[in-house]
Amino acid sequence: MTNRLASAISPYLRSHADNPVDWWAWGEEAFAEARRRDVPVLVSIGYSTCHWCHVMARESFSDPALAAVLNERFVAVKVDREEHPEVDSAYLAAAGAFTQNLGWPLNVFTTGDAKVFYGGTYSPPVPVDGHPSFRQVLDAVWEAWTARRGEVETLAGEVAAAVGAAGAAGASGSGAAGSAGVGALPGADVLAEAVGELLQYEDTRHGGFGGAPKFPVAPVLRFLLASPALGARELAHRTLRAMASSPLRDAVEGGFFRYSTRRDWSDPHYERMLYDNALLLDVYTIAWTQDASAEGRWARDTAAGIASFLVSVLQLPGGGFASAQDSESTVDGRRVEGGYYLLDAAARAAQTPPALDDKVLTGWNGLAISALARAGLALDDPSLTTAAQHAADFLLASHLRGDLLVRASVDGVASDARATLEDYGMLAEGLLRLAAATGSVRYAEAGRMLVDAVLGGAGGAVAGANDQAGAGADGAVGASASDPAGADGADVLGGARGGFRVPGGGDPVLGARGLAVELDPSEGAYPSGPSAVCSAALVLHSLTGRREYREAVVAAVARVAPLAVTRPISFGTTLELLTRLAAPFEELVLIEPDTPPAALSEEAVMAAEGLRAAVRMATSDLVAVATESAAAMLTSAGFELFAGRTAPAGVPTAYLCHDSVCRLPTTTASGLTVSR
């Protein structure tokens, strides 16, 4: 039996390499083999930190007898959903025809042309409480394939047609998300109503939203922190304080777990995801800038702890960040979920830490770069900025090929999985915010190139789609989608050729069969692909002053806004974008002199330090720091925010701007009145 997974990029696939199952990786070859043998295909989808994926691997996929059945009757394909989010989205949509309890591991059965005729999630090794064993599932699928082939193929065609119709409806801009066209955006009163709904959804006893399971919902918290509506910021701070002091946070290493299975934040699922911790670092940093007092110290301490976890645990030697740390570990010779995290620091030192999924995902790394760039300023910790630069340098060297991004890599070896909108949008914003924090024209130009690469034209519009599967108990799915391939091979979202596109197109196996889907544009645990692109484009508008970037964002969010304001818990990033668009975008630029005076008075030194501290703690939408020479280079490269920004007195000089229109410069903190 050929071991096809031993050299896979994905650690999840490699963890199955020694199974007795004759696994294939995702690709056209597996389906060609199924057609040659005239057998069905099992597509089994999971990820490295999925607890029930581990369980099913031990119970079923490691069983030689069951593997023999699989190998004889099926072509078995193993997929890492984080490496191939489009595949996961398409098959989640199809599996919804057979079960409402979607999650991972996701096991779907397809014909040789990749069309699903049955799907489910975890199956036990023996029947339990009315749930059939995995062997029984295999037998039933095989019986249907051999005895009722016509029915199977008819059903597969009907499911594919239904999923395709749903995707076409989304791509044409029809349905709730597209019904508003590109009309007026909701006003402050409508956005305040969304805040009011979130207030009603608050768990006033334990903090957070709703009951169990309970998730951090960082995009919603970002919206609340940005909102001027009555009670919004207070709700966010209450939630953040509750999470910081709860079992959801690892008090030893500072990172947050993915979610809690109970309403009081206890009994967490112990995997620690890069995207959660990057977004929560950003949220806690913002909360600290909003309340930089002894009373608000909790936010600073929590942010510092998350940053330490990111840099000391998840950052790899090459500079990129691992996508996650496993929930399971071996403690005193016994493999347990969460056991390592129940130990104090001294006891942990004697144990082997849970394994990292060292797959470097472009989009999630972009989130980390953005958060560390902001935290480096606000926490006055240059080491965090340096960590962000190391990650950015790695990605620009290893994940960028022309204007095409690589979705994932391990040890510098790239996956053949196609990048998605989330990769372009999240990395672009990370680079742009890092450029603002460091004055680097290289990062600024790279971020602009990525945004331009996915804009199909000035004012491009997108109905939106989510590039992720939302939170769940390995788990109950929130929303998911892919970036459907157009007839020309380019991914087109929003239907119009002027929309957002992924260079190079989407997954070729799905695209060739019309199986790529576009689903609910909501954001679950992190921003959707389109909302990530919009967020980056809004930052780019601020840096360049070019209206077409803002117009593209307005056109995109206008289509999603009617749905977003009615379901605020699922549309945090869209609501944050709407909030930003409702007011002038506030930028604060600090220019450092290239050649400071040889000697400064004590008063001047104190004024300079006071100004720097005020800039670091500013709550402006964008805070930028550059030397005079860096500002000149940025201006020459088309980043007009820096035009004419100098330090004429030879001391640090700040410019407070609204939509790139700046006030007179100031050299003192007292002369800098930040409006938010």
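Two strands count as paired when DSSP finds at least two bridges between them. The legends below describe a predicted model.

**View 1. Strands 13, 16 and 17 form an open sheet.** The order of the three strands is 13-16-17, and the pairing is antiparallel. Strand 13 (360–361) and strand 17 (413–414) stand at the edges. Each has a single partner strand, so one side of each is left without a neighbour in the sheet. Strands of a sheet pair through backbone hydrogen bonds, either parallel or antiparallel.

**View 2. Strand 13 meets strand 16.** Two bridges join strand 13 to strand 16, which spans residues 408–410. The two strands run antiparallel. Leu361 has Ala408 of strand 16 as its bridge partner.

**View 3. A cis peptide bond links Trp104 to Pro105.** Omega is about 5° here. Pro105 sits in a loop. Helix 5 (85–95) lies on one side of that loop in the sequence, and strand 4 (106–110) on the other. Most residues other than glycine have a negative phi, and most peptide bonds are trans.

**View 4. The peptide bond from Ala212 to Pro213 is also cis.** Its omega is near -10°. Pro213 belongs to the loop between helix 8 (188–201) and helix 9 (218–226).

**View 5. Trp265 has a positive phi.** The angle is about 75°, although Trp265 is not a glycine. The residue lies in the loop between strand 6 (259–260) and strand 7 (268–269). Trp265 has a relative accessible area of 2%. The cut-off for buried is under 20%, so Trp265 is buried.

**View 6. Asp332 has a positive phi in a loop between two strands.** Phi is near 50°, in a residue other than glycine. The flanking elements are strand 10 (328–331) and strand 11 (334–337). Asp332 has a relative accessible area of 67%. Exposed means over 50%, so Asp332 is exposed.

**View 7. Helix 3 is mostly covered.** The helix spans residues 51–61. Eight of its eleven residues are buried. Near the start of the numbering, His51, Cys53 and His54 are among them. Val55, Met56 and Ala57 are buried as well. Ser60 and Phe61 complete the list. An α-helix has 3.6 residues a turn, so residues three or four places apart point the same way.

Conventions:
Residues numbered from 1 in each chain as written. Predicted model: local features only at pLDDT ≥ 70, side-chain atom pairs only at ≥ 80, totals over all residues. Heavy atoms only, no water. Helix = DSSP H or I, 4+ residues; strand = E, 2+ residues; numbered from the N terminus. Buried < 20%, exposed > 50% of the residue type's maximum accessible area, 1.4 Å probe, protein only.
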